[in-house]
Amino acid sequence: QVHLVESGGGLVQAGGSLRLSCTRSGEISIYHDMAWFRQAPGKEREFVAGIKGIGRDTAYSDSAKGRFAISKDSTENIVYLQMNNLKPEDTAVYYCAVEVGGYPYVPTALSDYDYWGQGTQVTVSQ
């Protein structure tokens with residue numbers, strides 16, 4: 001079992017920045033991949049960014065690439081999502097997720113992930 005807690009969401013103006021944090025506990029493994037997803041009201045949950053448990057491989061959605069950066073702190077078992085140049089279209093609940101299946105690449109599908117946090121709200125005003 002893996003427990004995930006997100007934090008760092010809030011209200012920000014377009015062009016601003018936020019850094020989200022996800023702290024995990026429980027059956028922690030360096031093999032676990034971690035990712036951020038987001039879901040806006042009335043829309044499907046979508047992949048934003050992910051990072052491999054081993055190595056430095058990362059993956060980003062087209063909307064996130066160039067603006068967002070995912071990183072991890074293995075010592076404290078925290079994954080971050082630095083979000084820059086935020087746009088109103090980024091408004092959503094952001095979820096942290098963990099994949100324990102040992103994929104050789106960063107998974108991007110909802111069904112690939114095994115554990116989820118409760119989410120943190122990000123609202124970007126015009």
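This passage describes strand pairing and one buried residue in a predicted model.

A good place to start is the open sheet, in which 4 strands follow the order S1-S3-S8-S7 with antiparallel pairing. Strand S1 (2-7) and strand S7 (68-73) stand at the edges with a single partner strand each, so one side of each has no neighbour in the sheet. On average, neighbouring strands of this sheet are turned by 20° against each other, direction ignored. Strands of a sheet pair through backbone hydrogen bonds, in either a parallel or an antiparallel way. For S1, the antiparallel link to strand S3 (residues 18-26) consists of 6 bridges, and His3 is found opposite Ser25 in S3.

Strand S11 (residues 120-125) offers both kinds of pairing to look at. With strand S2 (residues 10-13), S11 pairs in the parallel sense over 4 bridges; here Val12 has Val124 as its bridge partner in S11. With strand S9 (residues 92-99), S11 pairs in the antiparallel sense over 3 bridges, and Val93 stands opposite Gln121. The side chains of S11 alternate along the strand: Thr120, Val122 and Val124 are buried and point to one face, whereas Gln121, Thr123 and Ser125 point to the other and are not buried.

Finally, Asp33 is worth finding in strand S4 (residues 33-39). Because its relative accessibility is 0%, Asp33 counts as buried, the cut-off being under 20%. A polar atom of the Asp33 side chain lies 3.0 Å from the backbone nitrogen of Gly53. Leaving aside residues up to four places away in sequence, Asp33 touches several residues, among them Ile51, Lys52, Gly53, Tyr103, Tyr105 and Tyr113.

Conventions:
Residues numbered from 1 in each chain as written. Predicted model: local features only at pLDDT ≥ 70, side-chain atom pairs only at ≥ 80, totals over all residues. Heavy atoms only, no water. Helix = DSSP H or I, 4+ residues; strand = E, 2+ residues; numbered from the N terminus. Buried < 20%, exposed > 50% of the residue type's maximum accessible area, 1.4 Å probe, protein only. Polar contact = N/O pair within 3.5 Å; in protein donor to acceptor, adjacent residues only side chain to side chain. Contact = heavy atoms within 4.5 Å. Pairing = 2+ DSSP bridges. Axes fitted to C-alpha atoms, helices over the stretch in contact; angles between N-to-C directions.
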